[in-house]
Each structure stands twice: as C-alpha cells, then as structure tokens.
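This report describes selected local and tertiary features of a single structure. The sequence and the coordinates are shown first, and the description follows.

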Amino acid sequence: MTEPREVAPQARDLAGLDAAVSHCYACPRLVEWREEVGRVRRRSFADQAYWARAVPGFGPADASLLLVGLAPAAHGGNRTGRMFTGDRSGDVLVAALHELGLASQPTSTSSDDGLRLHGVRFTAPVHCAPPDNKPTTAERDTCRPWLVRELDLLRPTVRAVVALGAFGWQAVLPVLAGAGWTVPRPRPAFGHGARVLLEPVADGPALTLFGCYHVSQQNTFTGRLTPAMLRDVLAEAWQAAGGEPTRRHQG
Ligand code: SF4
C-alpha cells in the first residue's frame, strides 16, 4: 500500500508527484467510497467511466499562486480525474480565473477539454472524494505529505496561497509552517478576505495567505459567495503573488 509519508518526499517534480498521488490507496474508507461512487454513478453520467481514484493537483509547475480547496467532488473531480472539473464548483472557479486572464477558457468540463491555467495551480489537502464532503482528521493527516511535497516543489515560484474554505485554511497552516514559513501564534482565523503575510523562517521569499469562502454549490447558490467576491480575492492574491495586473485591473 502507498504510504504518502514515505512516497511523497521522493517525488522529484510535480509530474512525478501527481502520478504518485493518483496511485494512492492509503485511506481504506475513502478508497471504498470513491470506487463505490464510480460503480453506482449519477444517472446523468451513467454512460461515463468514472476516474474513481485519487485526484492530483492541476496547473503549471512554476505557479506563483496556489488555490487549496477541500477534496474532489464525488461526481466532479472523482468522475473526471481533474480537480474542480465537471461540477458547479469548478465552473464558478474557472470562470473567475478566466475573467482575470488566468485560465485559457471559462469552463472546466473534462480532463481533455484543453483548459490551461496561467501561473495558478489548484490542489486540495485531501485528494479523494469523501462521503458527505467530510474527510476525517486522520484522513486529512494521512494525506498531508502530498501537500507538503507539492509546496516544497512549488517553493521557488509560489508567493501566495488562497485557502478556499475553513477546512483548507486549517489544513494548510501546519503545512506552511512545516514548509518553512512562520505562522503567527495564535494561528490566524479563517474568514473571507482574510490576508496574512507569512515570513520565511530562514532565507527565501515571504508568502501571503488569503481566505475565501469555498466555491461550493451551497455558498454560490445562496449568494454567500458571489462571483465578484471570488474575483476580488483571486485578483488580490494574484497581485500579491507578483502577477501582472489582471484583465480586470487593466480595465
Ligand atoms: S485521501 Fe490522500 S492519503 Fe488518502 S487515499 Fe486519497 S490520496 Fe491517499
């Protein structure tokens, strides 16, 4: 069985890490669930073969901005094999990135739809779809070495992280502390629009952490998170990451 704490540190690059993630079977409950969802399927996707495996991060290896969600959606990422792809959450997120000039197209429907992200990568602290979107603490901790290594490999370029939702925020703080940034004590609280500058422990650049409500259907349908609110956080984070002014800032 793949143990992330043993395998993840050995990944030499992001392509290798992504490949290793997709062969992870470390959490019995999540492996059973992701495969069960792939067998039973939603009626509207009954003719499709589900990915039904762990879903790696997506985006360029020299990203300066990292978006950290919760976990793949059962009929989204778990079906298509790509984060934020094939469901409403992905539609909302990628449309916002496209408006800012950070995605090649406004939709994210399948792993072969041609979508490319520019300077941005998205990932999750848990790489398998959990029942009720609720991974256990043990599952989150088992999966953590993948995110630690992902940040290690992105360290030369990453300058900002957006945590989408409180779960992503809580999960990424110890990862950032372990990866060489100073996390204030007491730990900063999650909030939409929260912004925290993390200085490096030793040499190296600082990193800015942003909080943003998750792009879940519940948040976007109820208006708790509007497209404008999402764009504002992403644009601010992109600027903090040293990105060129976005389309929106240009006018
Ligand atoms: S949640 Fe993470 S550690 Fe658990 S099986 Fe999936 S990829 Fe592996």
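Phe 84 counts as buried because 28 C-beta neighbours lie inside 10 Å, and 20 or more suffice for that class. In this predicted model, Phe 84 belongs to the loop between α4 (77-80) and α5 (88-99). Its phi is near 50°, a positive value in a residue other than glycine.

A positive phi is also found at Asp 132, about 55°, although Asp 132 is not a glycine. Asp 132 is placed in the loop between β2 and α6. Is Asp 132 buried or exposed? Asp 132 is exposed, since 7 other C-beta atoms lie within 10 Å and the class extends to 12 or fewer.

Thr 136 is likewise located in the loop between β2 and α6. Thr 136 has 14 C-beta neighbours inside 10 Å and therefore counts as partly exposed. Its C-alpha lies 9.8 Å from that of Leu 30, although 106 residues separate Thr 136 and Leu 30 in sequence.

The table lists these three loop residues with their neighbour counts.

| Residue | C-beta neighbours within 10 Å | Class |
|---|---|---|
| Phe 84 | 28 C-beta neighbours | buried |
| Thr 136 | 14 C-beta neighbours | partly exposed |
| Asp 132 | 7 other C-beta atoms | exposed |

A further loop feature concerns the peptide bond between Arg 185 and Pro 186, which is cis, with omega about -10°. Pro 186 is in the loop between α7 and β4.

The description now turns to the sheet. Five strands form an open sheet in the order β2-β1-β3-β5-β4, and their pairing is mixed. Its edge strands are β2 and β4 (195-198), each of which pairs on one side only. From one strand to the next, the twist averages 20°. Helix α7 (residues 166-178) packs on this sheet and touches β1, β3 (160-164), β4 and β5 (207-212). The direction of α7 makes about 145° with that of β3.

At the β2 edge, strand β1 (residues 65-68) runs parallel to β2 and is joined to it by 4 bridges. Within this pairing, Val 68 has Thr 123 of β2 as its bridge partner. In a regular strand, side chains alternate between the two faces of the sheet. Which residues cover the two faces of strand β2 (residues 120-123)? Val 120 and Phe 122 lie on one side, Arg 121 and Thr 123 lie on the other, and all of them are buried. Both faces of β2 are thus covered.

The remaining topic is a helix pair. Helix α2 (residues 14-21) and helix α6 (residues 137-154) have axes that come within 10 Å and cross at roughly 170°. Angles over 145 degrees count as roughly antiparallel, so α2 is roughly antiparallel to α6. The crossing of α2 past α6 is left-handed. On the α2 side, the contact is made by Leu 14, Leu 17 and Val 21. On the α6 side, Trp 146, Arg 149, Glu 150 and Leu 153 take part. By residue type, this contact of α2 with α6 comprises 5 nonpolar, no polar and 2 charged residues.

Conventions:
Residues are numbered from 1 along each chain as its sequence is written. This is a predicted model: local features need pLDDT of at least 70, side-chain atom pairs count only at pLDDT 80 or more; totals for chains, interfaces and linings use all residues. Two strands pair if DSSP finds at least two bridges between them. Axes are lines fitted to C-alpha atoms, for helices over the stretch in contact, and angles run from 0 to 180 degrees between N-to-C directions. Angles under 35 degrees count as roughly parallel, over 145 as roughly antiparallel, 65 to 115 as roughly perpendicular and the rest as oblique. A crossing is left-handed if the near helix is turned anticlockwise from the far one by less than a right angle, and right-handed if clockwise. Two residues are in contact if their C-beta atoms, placed from the backbone, lie within 7 Å. Ala, Val, Leu, Ile, Met, Phe, Trp, Tyr, Cys and Pro count as nonpolar, Asp, Glu, Lys and Arg as charged, and the others, Gly among them, as polar.
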